[in-house]
Amino acid sequence: MKTIFSGIQPSGIITLGNYLGALKQFVELQQDYRCYFCIVNQHAITVPQEPAQLRQNIRRLAALYLAAGLDPQQVTLFVQSEVPAHAKLGWIMMCTAYVGELERMTQYKDKSQGRGEAIPGGLLVYPPLMTADILLYDTDFVPVGDDQKQHLELTRDLAERFNRRYGPLFQVPEIRIPRSGARIMSLQEPTKKMSKSDPNPGGYIGLLDEPDTIVKKIKRAQTDSDNIIRYDREQKPGISNLLSIYSSLSGKALEQIEQEYSGKGYGSLKSDLAELVVQALAPLQQRYHELIDSQELDQILDQGAARANEAANRKLLEVEQVMGLSRKSF
């Protein structure tokens, strides 16, 4: 069975875009792959975090992933800081990487702009830790969006560089770009990706939004003035985005939805879509509230950490032995 790894930062809000673009696919992938889903809280501290909020965000993210349909009997869901091998191999990967290639990372350049000398070192060495996250589990595929593709290419480079020096120890992972059609855009600026960091909360739907809030956001979604329901990303980005959401949640093809709403106005589509979203999220929200403060959630994360530690420590020991870091050779 092939292995998939995904690292998820514990941020405060998970959007409908995150669900349709990643989470929903993860639920499908667990049937056919050995899956490791890691809450990468050590990556989160590259910027200052309020401790109580970070702790709550970790629980919230874990509960949402389980509520969305991840089966803890099929996947390994765990918290990064509870598996020390990540930080240990991260240091080794930092020593394998070159400063120049780290400084060329687009996200580093973007996030360090205007900060003068006050640039956290973690922003620079984020990619080697991400590399360690992936390589510890002999990962075959990493599902990522375009914003992380450069980091995955560096991961492949570092794995190959290490293998040339010490032998073929690491599986070189393949980049798995999510299938097209699941890219959900802002409800207010449909040419931009839906994001929790949108300053306009009307631009995104949070998975824990109340039904009334969901209805209001969808009914206020930006469209255009011709009132013709047709999928056209270039000319009609707003209505096309609503159609994409409808298609992703209902399983219906875009062409079928267009036919069903032929001759109907935007109001009709928005009302039906709002009801569809509310119904789709209702069981997820119910399960989330059952989990968030439960011992069950802690037990699942404890079990996940135990399984991840077993696999990660085995790989780390192999690495330390071939490098001469271990006092004993086997």
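How do the residues lining the second largest pocket divide into nonpolar, polar and charged? In this predicted model, the lining holds five nonpolar residues, five charged residues and no polar ones. The pocket encloses about 180 Å³ of space. Its lining consists of Pro-51, Leu-54, Arg-55, Ile-58, Arg-59, Val-79, Glu-82, Asp-298, Leu-301 and Asp-302. Two helices each supply at least two of these residues: helix 3, spanning 51–67, and helix 13, spanning 295–323. Helix 3 gives the largest share, with five residues.

Aromatic contacts were examined next. A pair of aromatic rings is described by the distance of the centres and the angle of the planes. The count comes to nine aromatic pairs. One of them joins Phe-26 and Tyr-65. Their ring centres lie 6.3 Å apart, and the planes meet at 40°, a tilted arrangement. Phe-26 belongs to helix 1 (residues 16–29) and Tyr-65 to helix 3, so this pair ties together parts that are 39 residues apart in sequence. Phe-26 and Tyr-65 are buried.

Phe-78 and Tyr-137 form another pair. Here the centres are 5.8 Å apart and the planes stand at 55°, so this pair is tilted. Phe-78 lies in strand 3 (residues 75–79). Tyr-137 sits in the loop between helix 7 (121–135) and strand 4 (141–143). The pair therefore ties together parts that are 59 residues apart in sequence. Phe-78 is buried, and Tyr-137 is buried too. Both rings also belong to an aromatic cluster, which they form with Phe-5 and Tyr-36.

Charged groups also sit over aromatic rings. The charged end of Lys-217 is placed over the ring of Tyr-204, 4.8 Å from the ring centre. Lys-264 lies over the face of Tyr-261, and here the distance to the ring centre is 5.2 Å.

A further lysine, Lys-328, is found in the segment after helix 13. Is Lys-328 buried or exposed? Its relative accessible area is 53%, over the 50% cut-off, so Lys-328 counts as exposed. Lys-328 and Cys-35 are 293 residues apart along the chain. Their C-alpha atoms are separated by 32 Å.

Key
Residues are numbered from 1 along each chain as its sequence is written. This is a predicted model: local features need pLDDT of at least 70, side-chain atom pairs count only at pLDDT 80 or more; totals for chains, interfaces and linings use all residues. Side-chain values use heavy atoms; hydrogens and water are left out. On a 1 Å grid over the protein atoms alone, a cavity is a set of points where a 1.4 Å probe fits but cannot get out, and a pocket is an open set with protein on both sides within 12 Å along at least five of seven lines; lining residues have an atom within 4 Å of a point. Grid points are joined across faces, edges and corners, and a volume is the space filled by probe spheres set on the points. Helices (H or I, at least four residues) and strands (E, at least two) are DSSP runs, numbered from the N terminus. Ala, Val, Leu, Ile, Met, Phe, Trp, Tyr, Cys and Pro count as nonpolar, Asp, Glu, Lys and Arg as charged, and the others, Gly among them, as polar. Rings of Phe, Tyr and Trp (its six-membered ring) pair if their centres lie within 6.5 Å; planes under 30 degrees apart count as stacked, over 60 as edge-to-face and the rest as tilted. Buried means under 20% relative accessible area, exposed over 50%, partly exposed in between (1.4 Å probe, protein chains only). A charge sits over a ring if NZ of Lys or CZ of Arg is within 6 Å of the ring centre and within 35 degrees of the ring normal.
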